[in-house]
Amino acid sequence: MKLKQKEQAFVKILQTNPQSYQTYEELGNVYLEMGQFENAKNSFYSALEINPQSARAYCGLGIICSEQNMIKESEQYFQKSLELNPKSAITLSNLGILYDKCVTIDQRIFCYKQAIESDPSIHQSYNGLGLAYLDKQMYGNAKQLFQKCLEVNPQNINAHFNLATIYRSENNYQDCINCLETCLKIYPQNDAPFSIYYNLGEAYQQLGMMEEAIKYLKKTIEIQPQQYLLHDKIGDIYFQMDNLEESLKHFETALKINPESARTLANLGLININLGNYQEAQQQLQYALQLDPGAQICYHYLGYLHLQQGRFDEAQQNYESYFEINPEDDNLNALEHLGITYMNQIIFKGKRDLLDKTRDLYEKLLKIEPNSVTILLNLGSIYYNLGQLEQAIKYNQMALQIDPNYDQANFNQGIIYHQKGMAEKAIKYFQKSFQSNSKSSDAIYNLGIIYGQNGNLQEAEYFNKLALQANNDFAKVYQLLDISESEIKITSEIKSICDKALNAKIEQGVDYYILAFVQNLLGYKEQALYNCEMAVKYNELLADAFQLKGQILKQQGQEKEAIKCFDKVLELKPYQTFPNQKI
């Protein structure tokens with residue numbers, strides 16, 4: 001029977017029997033369920049006029065006062081009800097609910113236990129006792145009580161929600177989702193509260209089910225459309241899904257709602273970095289820091305921005321500022337980017353004073369990620385630069401134990417063994433690097449260097465040519481490499497080939513050398529010198545890059561520096577050179 005029908009039935013009974021206090025009690029309870037507190041209060045007062053000993057009427061008045069946050073009055077009514085009926089489970093249970101608001105956990109536990117002892121069929125008592133244990137962080141007890149509540153009444157939404165809370169704390173997201181989706185089935189259509197949709201969104205996000213997470217979080221926006229943090233959260237999820245356009249839309253919406261949210265500005269900055277909108281990203285991140293100078297994440301993103309731009313000094317400054325705010329921060333991404341920044345400073349700017357600091361950083365990272373081949377590889381490179389070759393070999397070998405086909409680790413081992421004068425081992429590792437990555441032109445080139453140093457000139461020439469032809473973007477340039485610079489006439493056809501080569505994909509030291517060769521032909525001497533430097537930083541055995549650098553320096557009148565380059569060429573290639581390598 002519906003509440004309205006119950007109301008009408010009880011009113012009809014009172015018309016024929018106006019002295020039935022029990023009917024007034026029942027009518028009062030119906031009004032309570034309907035949320036009509038004034039009518040409920042009048043009904044309970046009527047019951048007490050007829051029977052001043054009505055424990056149920058006092059309990060009903062206590063419930064009304066509790067709902068209206070009249071704590072003192074509510075407690076007085078409940079206590080009066082218990083004087084008249086000390087074992088009233090309903091009163092004890094509701095007193096527990098009142099005590100949830102104002103007294104100690106132990107008092108709440110006592111009331112709920114008394115209620116359950118008096119009447120085990122009242123499901124609310126189990127839920128209330130479970131909440132008390134939850135507040136006491138006795139999660140096992142709380143879980144059992146919520147489950148017991150659902151045995152008594154499977155439709156108790158609060159127990160399903162509270163059980164979901166425990167499952168979430170246990171990282172049991174699937175059971176958490178099951179409980180929350182049961183809540184949705186119990187609630188009238190589209191009438192579920194914000195908390196259920198939000199927690200469903202979070203649980204699905206934790207399981208990596210991003211589309212489902214977004215579906216439920218969009219429901220929360222329908223309920224609270226001006227909550228900018230919800231747009232921020234959805235923007236984060238779209239970013240994790242690599243959907244930068246949708247992510248950008250939600251962050252921009254969040255910023256319209258709250259134009260001074262440093263967090264939202266930081267997120268927009270990160271999105272724009274990934275979209276290549278560097279200037280806009282910098283403006284957003286700097287403005288975020290103006291709004292909140294302690295916004296640590298902004299320094300991380302500015303560091304990342306400058307790292308992408310090759311502005312290593314600024315990247316270092318920003319990452320160090322990030323960790324100054326919280327030296328104990330263990331943000332893996334920020335630590336790794338600081339490590340990459342230090343490595344770039346050492347390799348490309350010669351800042352060897354950073355070697356010890358970089359080693360310590362990567363040792364720390366290795367404790368966090370002991371199976372990271374990238375961290376192991378970088379540790380190998382650091383120890384190589386520190387001159388500790390055995391340590392370098394050790395870390396490269398650890399990387400290869402995890403991934404035997406890691407071409408860069410094999411390549412680095414080859415470089416170390418070449419420096420130690422162990423040609424056979426060097427060849428072994430360069431071959432492995434080449435086998436792992438058929439386009440590893442540096443490994444192929446170095447095989448040619450070692451074979452030449454060992455007097456096997458035929459093999460040396462074979463691998464040299466193979467390396468120079470590895471990058472298809474330079475296919476038409478290759479034919480020019482065997483011609484002396486003075487003999488090359490820059491026709492429109494040659495210029496067209498060179499112009500296209502300027503946009504080639506650069507991945508290896510050999511690529512930088514060929515790019516420098518093209519730039520030199522076109523008269524871009526400084527760019528050519530820069531790329532010769534890059535070539536030998538990627539591959540210190542790249543004799544052709546030393547040769548080209550020496551030629552350019554000689555043309556510029558820098559004889560001493562040119563001689564150093566030519567000496568390096570003779571050290572690496574003490575055998576017959578190709579025409580374009582003549583000094």
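This is a conversation about the two largest pockets of a predicted model.

Trainee: What makes Ile347 a lining residue of the largest pocket?

Mentor: A lining residue must have an atom within 4 Å of a point of the pocket, and Ile347 is one of the 49 residues that line the largest pocket, so Ile347 has such an atom. Ile347 is also listed with Ser381, Gln408, Lys537 and Tyr538 as the closest to the centre of that pocket, whose space comes to about 1,300 Å³.

Trainee: Which helix gives the most to the lining of the largest pocket?

Mentor: That is H24 (407-419), which gives eight residues, while H18, H20, H22, H30 and H32 are also among the elements that give two or more.

Trainee: Why is Lys537 counted as charged and Tyr538 as nonpolar?

Mentor: The charged class holds Asp, Glu, Lys and Arg, and Tyr is placed with the nonpolar residues, so Lys537 falls in the charged class and Tyr538 in the nonpolar one. By class, the lining of the largest pocket has 22 nonpolar, 19 polar and eight charged residues.

Trainee: How many residues line the second largest pocket, and which are the closest to its centre?

Mentor: The second largest pocket holds about 1,000 Å³ of space and is lined by 35 residues, of which Leu32, Glu33, Ile63, Asn94 and Gln124 are the closest to its centre. H4 supplies the largest share of that lining, with seven residues, and H1, H2 and H10 are among the other helices that each supply at least two.

Trainee: What makes Asn94 polar?

Mentor: Asn is in neither the nonpolar nor the charged list, and the others count as polar, so Asn94 is polar; the lining of the second largest pocket has 16 polar residues, with 13 nonpolar and six charged.

Terms used
Residues numbered from 1 in each chain as written. Predicted model: local features only at pLDDT ≥ 70, side-chain atom pairs only at ≥ 80, totals over all residues. Heavy atoms only, no water. 1 Å grid on protein atoms, 1.4 Å probe; cavity = no way out; pocket = protein on both sides within 12 Å on 5 of 7 lines; lining within 4 Å. Points joined across faces, edges and corners; volume = space filled by probe spheres on them. Helix = DSSP H or I, 4+ residues; strand = E, 2+ residues; numbered from the N terminus.
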